[in-house]
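Trainee: Could you take me closely through the interior of this protein, beginning with how its nonpolar side chains are grouped and then turning to the charged pairs? I would like one connected account that I can follow on the model.

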Amino acid sequence: MTKRNEIIDKKELSQEQSAELLTVLKDRFEKNMNRHKDIEWDKVQAKLDANTEKLWSLNEMERTGGEPDVVGYDKKKDEYTFCDCSVESPKGRRNVCYDHKALESRKKHKPENNAIDMAASMGIELLTEEQYRALQELENFDIKTSSWVQTPTDIRELGGALFCDRRYGHVFVYHNGAESYYAARGFRGSLMV
């Protein structure tokens, strides 16, 4: 079994991997204070230290090109929100259709994976349209790519799925067949810690 498979099976990082990831996260946090005004890194790290299983998910976000960063804090729940902040949709999560049902419906040229199952296996959730729009208020994302977002049940039952991007200075929400997949479409995720 490879070292990578061992990490996936255990869903935990070694002390060395955790320290390395925390260094990357802290550095990104400090370089992008516009994303999390009035939030202190020490408090975020204390939450991560108390919830080490979340580090594995953050590492998966990082490994697939998401560049996770803190984008919010819920005082009532005492939770920090991490979100993929890569400029474009994460490279390691593109070329995927929306969900398992869509993947199974393809007769030919099936993609290797789907967004919903991939997010679940990483321990994260696809952004909602509302979360996507809030993220876009912090910076401009998906100028050349697009990202699947959580799709309302009634749309999904009819075979569709939603995705978003930013073009011409505006955030757009579109629809596509859930079974479609493109080299420039992936998904962004969120994780509460």
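**The nonpolar core and the charged pairs**

Mentor: In this predicted model, the largest nonpolar core has 34 residues, and those with the most contacts inside it are Val44, Leu48, Leu58, Phe82, Trp148 and Phe187. The elements that each give two or more residues to this core are helices H2 (15-31), H3 (41-50), H4 (52-63), H5 (100-105) and H6 (115-122), together with strands S2 (79-84) and S5 (160-167). To see one of these residues in its surroundings, take Val44, which, when its neighbours within four places in sequence are left aside, is in contact with Phe29, Ile39, Val70, Tyr80 and Phe82. There is also a second, separate core of 10 residues, and Cys83, Cys85, Val149 and Cys164 are among them.

From here we can turn to the charged side chains. Side chains of opposite charge can pair when their charged atoms come close. The structure holds 11 salt bridges, and a few of them are worth following one by one.

Begin with Asp84 and Arg93, whose side chains meet in a salt bridge with N and O 2.6 Å apart. Asp84 has a relative accessible area of 0%, and therefore counts as buried; Arg93 is likewise buried, with a relative accessible area of 0%.

A further pair is formed by Asp142 and Arg188, with the closest N and O atoms 2.9 Å apart. Asp142 lies in the loop between helix H7 (129-138) and strand S4 (146-149), while Arg188 lies in the loop between strand S7 (185-187) and strand S8 (189-192), so this salt bridge ties together parts that are 46 residues apart in sequence. As for their exposure, Asp142 is buried at a relative accessible area of 0%, and Arg188 counts as buried at 0% relative accessibility. Elsewhere, salt bridges that share partners join Arg35, Asp69 and Glu139 into one network.

Finally, look at Lys31, which forms a salt bridge with Asp27, the closest N and O atoms being 3.2 Å apart. Both residues lie in helix H2, four residues apart, which is about one turn of the helix. Lys31 counts as exposed because its relative accessibility is 63%, whereas Asp27, at 36% relative accessibility, counts as partly exposed. Helix H2 is thus a useful element to keep in view, because, besides holding this pair, helix H2 is one of the elements that give two or more residues to the largest nonpolar core.

How values were computed:
Residues are numbered from 1 along each chain as its sequence is written. This is a predicted model: local features need pLDDT of at least 70, side-chain atom pairs count only at pLDDT 80 or more; totals for chains, interfaces and linings use all residues. Side-chain values use heavy atoms; hydrogens and water are left out. A nonpolar core is a set of buried Ala, Val, Leu, Ile, Met, Phe, Trp, Tyr and Cys residues joined through side-chain atoms within 4.5 Å. Buried means under 20% relative accessible area, exposed over 50%, partly exposed in between (1.4 Å probe, protein chains only). Contact means heavy atoms within 4.5 Å. A salt bridge is a side-chain nitrogen of Lys or Arg within 4 Å of a carboxyl oxygen of Asp or Glu.
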